[in-house]
Amino acid sequence: ALASQAERLAHYLNEMGVGVGDRVGIGLPRGSALLIAVLGVMQSGASYVALEPSLPDARLSYLIEDAGIDTVLLNEASLSSIPVSGVDVLLMDEATSAEWLAEFIEGDTLPEISETAEAYVLYTSGSTGEPKGVSVAQRGLSHYVSHA
């Protein structure tokens, strides 16, 4: 079911115009919806940027703007904690239900993803006081998962 839901999300994101080279913000707590979001974003060809709801609004706004995020995946609880003006928001509260995004069936073609494509961007505190994004390629993530 997890793989199926992630694939539905990937198709939905592609339908929204999200794909290779785009970045999607994810502000979800640990759980099934987070896994669906990460896998779905990566299958869509986009990369993800983790948005921690406990961070100050100014920092979250900076991350969203600096990363060029146009789409954010949240749940109802994190909606009020992350500044989302000017971006598309998809609520993931029902992501584990069989009906969620049911119109996006598996089997349609998803984009081919190069091993050099960006998998995610991790923001560090930054030695200059401004957070700095560090990009991790699909290949690096694949090697890490294989090793772990």
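Which residue in strand 6 does Y120 stand opposite? It is V136, and the views below of this predicted model start from the sheet that holds this pair of strands.

**View 1. Six strands form an open sheet.** Reading across the sheet, the strand order is 4-3-1-2-5-6, and the pairing is mixed. Strand 4 (88-91) and strand 6 (132-137) are the edge strands; each has a single partner, so one side of each is left without a neighbour in the sheet. From one strand to the next, the twist averages 25°.

**View 2. Strand 5 meets strand 6 at one edge of the sheet.** Strand 5, residues 118-124, pairs with strand 6 in the antiparallel sense, over six bridges. Look here for Y120, with V136 opposite in strand 6.

**View 3. Y48 and Y120 make an aromatic pair.** A search of the whole structure finds one such pair. The ring centres of Y48 and Y120 are 5.4 Å apart and the planes lie at 25°; planes under 30 degrees apart count as stacked, so this pair is stacked. The two tyrosines link distant parts of the chain, with Y48 in strand 2 and Y120 in strand 5, 72 residues apart. Y48 is buried, at 17% relative accessible area.

**View 4. Helix 3 lies across three strands.** Residues 57-67 make up helix 3, which lies across strand 1 (23-27), strand 2 (47-50) and strand 5. The helix runs at about 145° to strand 5.

**View 5. L101 sits in the loop between strand 4 and strand 5.** Although L101 is not a glycine, its phi is positive, about 50°. L101 counts as buried, with 10% relative accessibility.

Note on methods:
Residues numbered from 1 in each chain as written. Predicted model: local features only at pLDDT ≥ 70, side-chain atom pairs only at ≥ 80, totals over all residues. Heavy atoms only, no water. Pairing = 2+ DSSP bridges. Helix = DSSP H or I, 4+ residues; strand = E, 2+ residues; numbered from the N terminus. Axes fitted to C-alpha atoms, helices over the stretch in contact; angles between N-to-C directions. Contact = heavy atoms within 4.5 Å. Buried < 20%, exposed > 50% of the residue type's maximum accessible area, 1.4 Å probe, protein only. Phe/Tyr/Trp six-rings, centres within 6.5 Å; stacked < 30°, edge-to-face > 60°.
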